[in-house]
Amino acid sequence: MKIGLKGQAPIIEGDLFEAVKPDDCFWHLEDQKVVSVLMTKFEQTTWWKSLFKGGPQIDTQKVEPLPSELSDLDPEARAAVEKMMFDQRQKQLGLPTSEEIKNQDMLKQFMSQNPNMNFSGDKMM
């Protein structure tokens with residue numbers, strides 16, 4: 001990345017610490033004085049230790065992410081988080097997880113469709 005005035009030495013220049021999505025990066029000039037740059041990281045789940053390779057590093061262990069709401073997530077991610085929260089709560093209460101409930105329901109359905117089968121001596125997993 002290189003930022004500067006045309007015909008002059010760059011004000012900022014360096015290889016980014018990690019990859020970005022070029023089509024999702026934007027810049028604009030504010031009040032003819034400030035350049036704002038928005039870059040979207042390619043791998044959004046990792047913290048960068050620096051803006052540029054070889055640049056000053058920050059201790060990413062001390063970074064605290066901003067609190068977020070479930071409503072901030074896309075529907076697929078939200079469903080996955082809600083499922084994990086449900087399963088964790090169920091485990092804490094000693095109750096079956098969503099997967100165990102699903103398996104129990106399938107077994108009940110199979111047993112109702114096969115009433116003549118005797119399951120009394122079988123071990124169910």
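**View 1. What lines the largest pocket, by class, in this predicted model**. Welcome to a mostly nonpolar lining: 14 of its residues are nonpolar, two are polar and two are charged. In total, 18 residues line the largest pocket. To find its centre, look for Ile-3, Gly-4, Trp-27, Val-35 and Val-37, which lie nearest to that point. Strand 1 (2–3), strand 3 (26–30) and strand 4 (34–38) are the elements that each give two or more residues to this lining. The space in the pocket comes to about 390 Å³.

**View 2. A nonpolar patch on the surface**. Here you can pick out Trp-27, Leu-29, Val-35 and Val-37, which together make up the patch. Their combined accessible area is about 400 Å². Strand 3 and strand 4 are the elements that supply two or more residues to the patch. Val-37, for one, sits in strand 4. You have already met some of these side chains: Trp-27, Val-35 and Val-37 are also among the pocket residues nearest the centre.

**View 3. The salt bridge between Lys-2 and Glu-13**. In this close-up, the closest N and O atoms of the pair are 3.7 Å apart. Lys-2 belongs to strand 1 and Glu-13 to strand 2 (residues 12–13), so the salt bridge ties together parts that are eleven residues apart in sequence. The model has three salt bridges by the count used here.

**View 4. Domain 1 and domain 2**. Domain 1 covers residues 1–45, and domain 2 covers residues 61–114. Taken over C-alpha atoms, the centres of domain 1 and domain 2 are 40 Å apart.

Conventions: Residues numbered from 1 in each chain as written. Predicted model: local features only at pLDDT ≥ 70, side-chain atom pairs only at ≥ 80, totals over all residues. Heavy atoms only, no water. 1 Å grid on protein atoms, 1.4 Å probe; cavity = no way out; pocket = protein on both sides within 12 Å on 5 of 7 lines; lining within 4 Å. Points joined across faces, edges and corners; volume = space filled by probe spheres on them. Helix = DSSP H or I, 4+ residues; strand = E, 2+ residues; numbered from the N terminus. Nonpolar A, V, L, I, M, F, W, Y, C, P; charged D, E, K, R; others polar. Domains from an automatic or database assignment. Patch = residues over 30% accessible without salt bridge, like charges linked within 9 Å, V, L, I, M, F, W, Y side chains within 5 Å. Areas by Shrake-Rupley, 256 points an atom, 1.4 Å probe, with all protein chains shown as cover. Salt bridge = Lys/Arg side-chain N within 4 Å of Asp/Glu carboxyl O.
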